[in-house]
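Biologist: I would like to learn how to read strands, sheets and cysteine links in a model. Could we take them in turn?

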Amino acid sequence: MYQKENMYDIVIVGAGTAGLSAAIYGVRAGKSVLVLEEKTYGGQIINTPEVENYPGIPKISGFEFATNLYNQAIDLGVEVKLEKVKTVEIIEKNNKNVITDSGEYICNSVILATGAKNRPLGVDREQQLIGAGISYCATCDGMFFRGKDVVVVGGGNTALEDANFLSNYCNRVHLIHRRDQFRGEEKLVERLRDKDNVEFVLNSRVIELKGQDMVEGVVLENVQDKSLKTLSCQGVFVAIGQMPDNERYSQLVELDNKGYIVAGEDCKTSAPGVFAAGDCRTKTVRQLTTAAADGAVAALAASEFIG
């Protein structure tokens with residue numbers, strides 16, 4: 001028998017924007033809600049220096065945004081536990097058993113809001129040099145490279161924001177992108193063009209890391225003419241997008257060929273009473289606003305499922 005304190009109406013896996021938004025809507029619908037998070041609240045947005053595209057909030061740091069969301073959920077009565085979810089099982093009467101590294105929780109409905117993890121470059125010795133020049137978080141590690149030359153790899157908003165942040169501390173920032181145009185907002189691109197210490201290196205990709213114990217440079221390949229170029233640098237910041245981490249749920253819900261949970265705008269998965277919200281599900285636009293929207297939709301759908 002399970003103890004009553006380990007039974008909830010809704011268990012949410014992940015305390016990012018989608019998960020915490022779902023928690024707020026779930027508890028406001030009168031349901032008991034538990035949020036399980038492996039690391040810390042906030043998700044990817046917590047490392048963003050400035051958020052300027054969330055409606056109604058002209059400018060806010062990612063940390064402040066995430067903290068406000070977390071405190072709002074806690075104040076409403078949401079319970080949050082720092083535990084790693086190992087698997088989710090469907091048991092008798094369509095209840096679910098959420099198994100963590102610390103215990104088990106029975107619930108009527110589950111919302112998977114697992115987000116996504118950083119996509120690696122995929123070059124030799126990348127893992128070996130993490131912390132020795134390779135980083136996936138400019139705001140976390142940028143100050144270690146004050147006065148040094150660095151490379152930022154990527155073409156979306158995250159890469160542009162990272163380059164802008166690093167340009168305030170580093171001697172020179174080389175922004176590497178495999179295409180001839182950036183995918184990020186033009187406003188961010190123009191801001192970087194006005195900086196004397198930022199260089200755009202387009203139509204190029206990193207194929208090799210130089211240095212033994214520490215990063216000393218990168219070898220670039222021009223994707224058009226295949227010519228090679230070596231850039232001296234002490235840091236490489238990788239910002240080429242995210243990838244899902246849903247393999248542990250492959251027996252529970254359907255995943256697409258890229259590993260995302262198959263779920264439409266209604267956030268319903270292939271398993272009854274299991275919903276997916278945020279960057280972990282199949283969708284075209286992955287932004288802060290769509291994560292919050294998914295959280296609301298998933299929580300209301302879960303509440304309706306419970307009845």
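Modeller: Let us start with one pair of residues: valine 218 has leucine 231 as its bridge partner in S14. Keep in mind that this is a predicted model.

Biologist: Which strand does S14 pair with over five bridges, and in what sense?

Modeller: In general, the strands of a sheet pair through backbone hydrogen bonds, in either the parallel or the antiparallel sense. Here strand S13, residues 217-222, is joined to S14 by five bridges, and the two run antiparallel.

Biologist: What is the order of the strands in this open sheet?

Modeller: The order is S12-S13-S14, three strands in an open sheet with antiparallel pairing. Strand S12 (204-210) and strand S14 (228-232) each have a single partner strand, so they stand at the edges and one side of each lacks a neighbour in the sheet. On average, neighbouring strands of this sheet are turned by 30 degrees against each other, direction ignored.

Biologist: Where can I look for parallel pairing?

Modeller: Look at strand S10, residues 172-176, and strand S11, residues 198-201, which pair in the parallel sense over four bridges. One bridge to follow by eye is that of isoleucine 176, whose partner in S11 is valine 201.

Biologist: Which helix belongs to the β-α-β unit with S10 and S11, and is the unit right-handed or left-handed?

Modeller: Helix H5, residues 186-193, belongs with S10 and S11 to a β-α-β unit that is right-handed.

Biologist: Now the cysteines. How many disulfides does the count come to?

Modeller: The rule is that two cysteine sulfur atoms must lie within 2.5 Å. By that rule the count comes to one disulfide. Cysteine 137 and cysteine 140 form it, with their sulfur atoms 2.1 Å apart. The link of these two residues is right-handed, with 70 degrees about the S-S bond.

Biologist: Is cysteine 137 buried or exposed?

Modeller: Cysteine 137 has a relative accessible area of 11%, so it is buried. Cysteine 140 is at 40% relative accessibility and therefore counts as partly exposed.

Biologist: Why does cysteine 233 have no bond to cysteine 170?

Modeller: The closest cysteine sulfur to that of cysteine 233 is in cysteine 170, but it is 11 Å away, which is too far for a bond. Cysteine 233 counts as buried, because its relative accessibility is 0%.

Biologist: And what is the case for cysteine 267?

Modeller: Its closest cysteine sulfur, in cysteine 280, is 8.8 Å away, again too far for a bond. Cysteine 267 has a relative accessible area of 0%, so it is buried.

Conventions:
Residues numbered from 1 in each chain as written. Predicted model: local features only at pLDDT ≥ 70, side-chain atom pairs only at ≥ 80, totals over all residues. Heavy atoms only, no water. Pairing = 2+ DSSP bridges. Right-handed = clockwise from strand over helix to strand, strands pointing away. Axes fitted to C-alpha atoms, helices over the stretch in contact; angles between N-to-C directions. Buried < 20%, exposed > 50% of the residue type's maximum accessible area, 1.4 Å probe, protein only.
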